[in-house]
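Colleague: I've got the model open beside me, and I'd like to know what the words in its description rest on. Please take me through them, with the cut-offs.

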Amino acid sequence: MHNTITITIDNAKHSDLPFLVDFQMKMAMETEGLELDKAVLEKGMTSVLDDPSKARYFVARRGDALAGMLMITLEWSDWRNGWVWWIQSVYVAQEFRKEGIFATLYSHVKEIVTKSDDIRGIRLYVDKRNVPAQKVYEAIGMTGEHYATFEWMKEF
């Protein structure tokens, strides 16, 4: 008999916060070699959990374990007269990689977007050096051909 554990997708809860913070600390270090200020990160993530108008976290659970996450932020598109959902803060725990966790999260988000009259599409950005992530995004049908992202961030 083959025993499979289902992947479920939920909105993140306050009780998930320690895992979410840990995931983002690891993601920043793995992808950009950046050590985040844990106190600032925790406040920022709590702020989202307290006020869903800022962003929305989805989490993937494999059995009882929190296996992955992503955050959605909104962009208004005047060209499309609707919202574009930006996927950010993607992380899949090391022990759950290559099990379809991100694909399941993405499918969940895409289904919401497909069924909505107000949401026109999905975007994300990825560090140019993060080639493995780029391959995953291409494999699920996303394209990186259209835009380059530029930024300026204030130091704090």
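Modeller: Let's begin with Trp-76, which touches Asn-81, Gly-82 and Trp-83, leaving aside residues up to four places away in sequence. "Touches" here stands for contact, meaning heavy atoms within 4.5 Å. Bear in mind that this is a predicted model: local features need pLDDT of at least 70, side-chain atom pairs count only at pLDDT 80 or more, and totals for chains, interfaces and linings use all residues. Residues are numbered from 1 along each chain as its sequence is written, and side-chain values use heavy atoms, with hydrogens and water left out.

Colleague: Where is Trp-76 placed, and how do you know whether to call it buried, exposed or partly exposed?

Modeller: Trp-76 sits in strand S3; strands are DSSP runs of E with at least two residues, helices are runs of H or I with at least four, and both are numbered from the N terminus. Buried means under 20% relative accessible area, exposed means over 50%, and partly exposed is in between (1.4 Å probe, protein chains only). Trp-76 comes out at 44%, so it's partly exposed. Its C-alpha is 9.6 Å from that of Arg-120, though the two are 44 residues apart along the chain.

Colleague: Why is Asp-127 called buried?

Modeller: Its relative accessible area is 19%, which is on the buried side of the cut-off. Asp-127 is in the loop between S5 and H4 and touches Thr-31, Glu-32 and Gln-134, again not counting residues up to four places away in sequence.

Colleague: What makes the pair Asp-127 and Arg-129 a polar contact?

Modeller: The distance between their side chains is 2.6 Å. A polar contact is a pair of N or O atoms within 3.5 Å; within protein, one must be able to donate a hydrogen and the other to accept it, and residues adjacent in sequence count only if both atoms are side-chain atoms.

Colleague: On to the helices. How do you know that the span of H3 agrees with its number of residues?

Modeller: The expected span is 1.5 Å times one less than the number of residues. H3 (residues 101-115) has 15 residues, so 21 Å is expected, and the end C-alpha atoms are 22 Å apart, which agrees.

Colleague: What makes you say that the buried residues of H3 line one face?

Modeller: Those residues are Ile-101, Phe-102, Leu-105, Tyr-106, Val-109 and Val-113. Seen down the axis of H3, they fall within an arc of 130 degrees, so they line one face of the helix. The arc is that of the directions from the helix axis to the C-beta atoms. That face packs against several elements, including S1, S2 and H4, while Thr-114 and Lys-115 on the other side are exposed.

Colleague: And which residues of H1 are buried?

Modeller: Leu-17, Leu-20, Val-21, Phe-23, Gln-24, Met-27 and Ala-28. Down the axis of H1 they keep within an arc of 160 degrees, so they too line one face. Their cover includes H2, S2, S3 and S4.

Colleague: What makes S2 and S3 a pair?

Modeller: Two strands pair if DSSP finds at least two bridges between them. S2 and S3 have seven and run antiparallel, with Arg-62 bridged to Ala-65. S3 and S4 are antiparallel as well, with nine bridges, whereas S4 and S5 pair in the parallel sense over five.

Colleague: Why is S5 called largely enclosed?

Modeller: Five of its six residues are buried, so the rest of the structure largely encloses S5.

Colleague: What is meant by a nonpolar core, and which residues touch the most other members of the largest one?

Modeller: A nonpolar core is a set of buried Ala, Val, Leu, Ile, Met, Phe, Trp, Tyr and Cys residues joined through side-chain atoms within 4.5 Å. The largest has 41 residues, and Tyr-57 and Leu-70 touch the most other members. H1, H2, S2, S3, S4, H3, S5 and H4 each supply at least two residues. Among the residues that Tyr-57 touches are Leu-20, Met-45 and Leu-70.

Colleague: Last one: what is the phi of Lys-98, and why remark on it?

Modeller: Most residues other than glycine have a negative phi. Lys-98 has a positive one, near 70 degrees. It lies in the loop between S4 and H3 and, at 87% relative accessibility, counts as exposed. Ser-89 in S4 also has a positive phi, of about 50 degrees.
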